[in-house]
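Here is a short walk through one chain of this model and the partner it touches. Have the structure open beside you as you read.

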Amino acid sequence: MDKIETITGTAVPLDASDVDTDQIIPAVWMKRVERTGFQDGLFQKWRRDPGFVLNQPEREGATILVAGPNFGCGSSREHAPWALRDYGFKAIIAPSFADIFRNNLPNIGLVPVTLDPSSCRRVLDAVTKDASAPVTVDLLARTVTCAAAGVVDVPFEIEEGARYRLTNGKDLIDLALDLDEQIRRHEERRPFWMPRTNGQVESPFELSGVEQ
Amino acid sequence: MRTVAERTLVERIWAEHVIEGAGEELIFIDMHLIHEITSPQAFEGLRESGRPVRRPDLTVATADHDVPTSSRQVPLADEIGRRQLMLQIRNCREFGIELHPMNSLGQGIVHVIGPHMGLTLPGMTIVCGDSHTATHGAFGAVAFGIGTSQVEHVLATQTLRMAKPKSMLVRLTGTISPQATAKDVALAVIRAIGTDGGTGHLIEFQGPVIDAMSMEGRMTLCNMAIEAGARSGLIAPDETTFAYLQGRERVPAGADWERAKAEWATYRSAPDAVFDTVVELDLDGLGPQVTWGTNPGQTIDIDGAVPDPSTITDPGARDAATRALDYMGLRPGQRIADIPIRTVFIGSCTNGRLEDLRAAADVVKGRAVAEGITALVVPGSEQIKRQAEAEGLDAVFTAAGFQWRNPGCSMCIAMNGDVVEPGTHAASTSNRNFEGRQGPGARTHLVSPRVAAATAISGRLTAAAVD
């Protein structure tokens with residue numbers, strides 16, 4: 001994964017609270033088995049409205065989404081972060097996120113930026129007025145800057161583990177596989193009653209009159 | 001750092017699963033549940049990196065989201081769904097994972113079959129690429145939903161890197177009305193603390209309301225902890241838990257059962273446990289609840305009326321209410337009982353278990369579905385379907401005009417063709433009333449199985465009379 005230290009770009013404002021994962025990408029997109037190509041599913045229903053912010057030509061090329069509180073509530077579908085990434089977003093700024101969604105973002109190299117509500121409101125208003133206003137997310141300094149909003153070097157929250165991985169481009173699975181010995185020791189002292197599964201693909205039952 | 005005497009149940013289970021020498025944030029996963037729609041990309045990742053599944057013997061899979069509930073004749077007409085289901089069979093064969101595919105006796109909604117098989121036990125850590133994994137917390141397990149990158153991580157390492165959630169105590173006191181169920185308790189909790197009231201926390205439910213609740217009801221309540229924004233919910237095991245577990249397929253038997261039960265009985269928060277957040281709710285006399293809006297916190301008593309957004313002081317909540325009423329086609333002050341219903345759905349990981357079907361059948365027995373209503377019952381698993389049929393519940397439903405379907409997620413997520421018609425209202429026992437959740441333009445009202453059944457009979461959102 002690429003290292004991310006700072007992100008500077010224009011922003012898309014999405015002034016609504018509790019934007020759920022079904023709005024970010026509808027469930028029908030989860031029938032796909034590919035890992036990319038979800039950009040057309042992003043906010044699919046809202047994009048049918050020509051006035052929707054993502055349809056404004058001046059928003060083209062934006063890399064930062066500025067959203068309302070509890071962004072990403074609902075399902076655990078990583079398809080929602082995939083759709084945001086495939087569309088071109090690199091960071092999401094919001095006063096708060098739903099837990100699973102926030103945890104999913106850094107795993108694919110997207111930055112969840114939890115910014116205090118008043119600064120977040122100012123950035124949202126400023127980028128609503130001026131689509132060309134640049135916003136900078138500095139992961140090393142852990143600050144947000146949007147001069148047009150009068151927001152300069154304002155600190156934001158991100159879990160230290162996520163920040164470390166993003167800035168160092170670490171693969172989580174590699175990190176855990178290095179701990180094979182420690183994992184093995186844990187496995188040896190698990191309680192006797194822990195259940196096991198059987199590894200078998202169960203055979204279908206007879207459907208009357210139906211060819212299997 | 002808290003002492004053992006101050007430790008919550010979540011903190012104890014977490015501590016028992018931390019990989020020593022790896023920092024607090026890497027935990028061992030005791031059971032990994034897989035379904036067809038959030039796992040294909042994870043298996044592909046393993047294949048690309050040449051990594052095996054570390055513990056196929058701690059992994060189990062089924063097909064639930066995509067499967068049709070009407071005809072199961074293969075090959076399926078839905079080409080994209082068929083491709084996904086076939087790929088799941090191939091992935092499970094290749095990596096040696098137990099799979100209960102469509103048309104097998106073990107198939108069902110992943111959160112229904114796990115507990116049914118006895119794979120969900122107190123003190124475990126359980127994950128699945130599905131937010132309603134919270135369901136398994138009902139047994140005193142730490143169980144939560146994860147994304148596909150994390151599914152791949154668990155497959156490859158049987159561990160997960162995750163910050164320990166904060167502990168939240170939700171204590172529920174009083175005696176709920178005989179018309180109310182665990183679903184109404186869940187909706188009342190979300191109504192009280194909000195859809196982000198549990199953010200950052202894992203909720204432990206305690207109190208007289210929980211003590212009196214059945215195992216199925218506890219699963220319903222924990223299932224919806226995610227709708228309050230919590231990572232999950234959990235309930236300490238007690239005699240109700242043990243009575244449910246005893247004799248199940250994968251649960252220890254004989255002397256091992258007694259030994260295991262003695263250990264499980266110690267899985268409770270310490271008497272002096274310190275919770276990060278404490279909420280006490282008096283639910284005395286709680287009646288049936290129904291959602292009027294587009295998130296599960298927008299809930300009201302069934303004999304109430306649609307609220308007026310202009311009376312809401314919080315600007316965010318006011319805007320959300322205004323948008324919700326617009327989407328739902330409702331006006332402030334409209335009586336809930338006057339909302340015309342076109343579809344009734346009984347099923348899902350929230351309310352698709354045998355107790356739910358029995359409760360609905362009790363209400364339906366000897367009555368008929370109202371003119372113009374499409375009503376369907378989708379059992380949570382093949383086993384539950386067959387048990388219900390053995391009790392004659394299918395006959396009660398079909399005689400009344402309900403459709404009796406095959407098991408799966410069905411109209412809860414509307415991926416398999418089971419959809420609510422655009423612009424029409426549905427009474428649904430599922431868990432989310434988000435815009436478009438049950439199909440484009442669908443207007444969902446979340447209710448209990450009893451209310452869903454009574455609504456199918458009357459054609460309006462109705463509480464069932466208690467005999």
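## Two helices that meet

Leu357(B), Arg358(B), Ala361(B) and Val364(B), which belong to H13(B), meet Leu393(B), Val396(B), Phe397(B) and Ala400(B) of H15(B). Sorted by class, this contact of H13(B) with H15(B) has 7 nonpolar residues, no polar ones and 1 charged. Please keep in mind that everything here comes from a predicted model.

How do the two helices lie relative to each other? The axes of H13 (residues 354-364) and H15 (residues 393-400), both of chain B, come within 10 Å and cross at roughly 45°. An angle of under 35 degrees would count as roughly parallel and one of 65 to 115 as roughly perpendicular; H13(B) and H15(B) are therefore oblique to each other. The crossing in which H13(B) passes H15(B) is left-handed.

## Helix H2 and what follows

Let's move to another helix. In H2 of chain B (residues 40-49), which residues are buried? Pro40(B), Gln41(B), Ala42(B) and Phe43(B) are. The buried residues of H2(B) pack against two helices of chain B, H3 and H5 (148-157). Just after H2(B) comes Gly50(B), with a positive phi of about 70°.

## The side facing chain A

H3 also turns up where the chains touch. In total, 85 residues of chain B are in contact with 58 residues of chain A. Which helix gives the most to the side of chain B that touches chain A? Helix H3 (residues 79-95) of chain B does, with 8 residues. By class, that side of chain B has 33 nonpolar, 31 polar and 21 charged residues.

The two contact regions described so far can be set out by class:

| Region | Nonpolar | Polar | Charged |
|---|---|---|---|
| Contact of H13(B) with H15(B) | 7 residues | no residues | 1 residue |
| Side of chain B that touches chain A | 33 residues | 31 residues | 21 residues |

## Chain B as a whole

Stepping back, chain B has 16 helices and 18 strands. Its radius of gyration is 21 Å, close to the 23 Å that the globule rule gives for 467 residues, so chain B is as compact as a globular protein of that length. Taken along the principal axes, the box filled by the C-alpha atoms of chain B is roughly 60 × 55 × 45 Å.

Of the 467 residues in chain B, 61% are buried. Among contacts in chain B with a separation of 6 or more, 76% are between residues 24 or more positions apart.

Technical notes:
Residues are numbered from 1 along each chain as its sequence is written. Chains are lettered from A and ligands numbered from 1 in the order in which they are written. This is a predicted model: local features need pLDDT of at least 70, side-chain atom pairs count only at pLDDT 80 or more; totals for chains, interfaces and linings use all residues. Axes are lines fitted to C-alpha atoms, for helices over the stretch in contact, and angles run from 0 to 180 degrees between N-to-C directions. Helices (H or I, at least four residues) and strands (E, at least two) are DSSP runs, numbered from the N terminus. Angles under 35 degrees count as roughly parallel, over 145 as roughly antiparallel, 65 to 115 as roughly perpendicular and the rest as oblique. A crossing is left-handed if the near helix is turned anticlockwise from the far one by less than a right angle, and right-handed if clockwise. Two residues are in contact if their C-beta atoms, placed from the backbone, lie within 7 Å. Ala, Val, Leu, Ile, Met, Phe, Trp, Tyr, Cys and Pro count as nonpolar, Asp, Glu, Lys and Arg as charged, and the others, Gly among them, as polar. The radius of gyration is taken over C-alpha atoms; the globule rule is 2.2 Å times the number of residues to the power 0.38. A residue is buried if 20 or more other C-beta atoms lie within 10 Å of its own, exposed if 12 or fewer, and partly exposed in between; C-beta atoms are placed from the backbone.
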